[in-house]
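Dear colleague,

I am handing over the structure we spoke about, and I would be grateful if you could look through it alongside the notes below.

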Amino acid sequence: MTGRTPEPAESPGQNEIPGEARWPMAAAVVAAMVLTVLLPDDLRLAPRWIIPAVEGLLLLALIAGDPGRIDRRTAALRSLSIALVGVLALSAVWSTVQLVDDILHAGKETSSATSLLQTGGTVWACTVLAFSLLYFELDSGGPATRAHRMPSTPALAFPQHLEPRLSSADWRPRYIDYLYLALTNAAAFSPTDVMPLAPWAKITMGIQSLVSLLILGLVVARAVNVLA
């Protein structure tokens, strides 16, 4: 007997909060689907409706399995979420590669300033949405896991993590936070107020910065050449 008082057992529901509403994430997926449909045929991974149809089916399966708020943790739902994000990311990367090829070879999709800006802007927006959903799904085990418990050392450190006085004790990052992260990282080509801590977060943010720099740099250079 040491005389120490045993630590109180942690209750299973401690630190749990209501899961995040599904609609912001779903709206981002729908927006990405619309942008994919609007892309020229040469810049899409598959025929016009194939990729949006696959993304739509995966989204409907997620909504059916965990409607309303995202708080149900199952291997099947996690697999569906990863598959959806994977399709979005693959489609965005493919469009980026095709856009770069079209610009370098003076293809028809970038032969005029109007077409160039429309196509370049659409591809850039697709990458922002894809990376925002990637951060949203991978950080701290995904939204369902974050609703139940946040790790002591998150992969992405938001200002509320670095300075707890800026938020309540049960604060959790929401999709809008990850969308803002993806947008600012794509525009500034570097972290702004969110710091990547985990290796995967540093690699992913680095890749997004390079992709955004490549798209915007080539689009601007091509636009100057077209208008000259």
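What follows covers the two pockets and then one serine. Please keep in mind throughout that this is a predicted model.

The largest pocket encloses about 290 Å³ of space, and its lining is made up of 14 residues, with Met150, His161, Ala169, Trp171 and Arg172 lying nearest the centre. Sorted by class, the lining of the largest pocket comprises six nonpolar, six polar and two charged residues.

The second largest pocket has a volume of about 180 Å³, and 17 residues line it, of which Arg72, Leu77, Arg78, Glu137 and Ala144 are the closest to its centre. Two helices, H3 (75-104) and H5 (143-148), each supply at least two residues of the lining of this second largest pocket, and H3 gives the most, with four residues. In the lining of the second largest pocket, six residues are nonpolar, five are polar and six are charged.

The serine is Ser212, which is found in helix H8 (residues 199-227). Is Ser212 buried or exposed? Its relative accessible area is 1%, and because buried means under 20% on this scale, Ser212 counts as buried. The side chain of Ser212 is joined to that of Trp124 by a polar contact of 2.9 Å. Leaving aside residues up to four places away in sequence, Ser212 touches Trp124, Ala186 and Phe189, so that Trp124 appears both among these contacts and as the partner in the polar contact.

With best wishes

Conventions. Residues numbered from 1 in each chain as written. Predicted model: local features only at pLDDT ≥ 70, side-chain atom pairs only at ≥ 80, totals over all residues. Heavy atoms only, no water. 1 Å grid on protein atoms, 1.4 Å probe; cavity = no way out; pocket = protein on both sides within 12 Å on 5 of 7 lines; lining within 4 Å. Points joined across faces, edges and corners; volume = space filled by probe spheres on them. Nonpolar A, V, L, I, M, F, W, Y, C, P; charged D, E, K, R; others polar. Buried < 20%, exposed > 50% of the residue type's maximum accessible area, 1.4 Å probe, protein only. Polar contact = N/O pair within 3.5 Å; in protein donor to acceptor, adjacent residues only side chain to side chain. Contact = heavy atoms within 4.5 Å.
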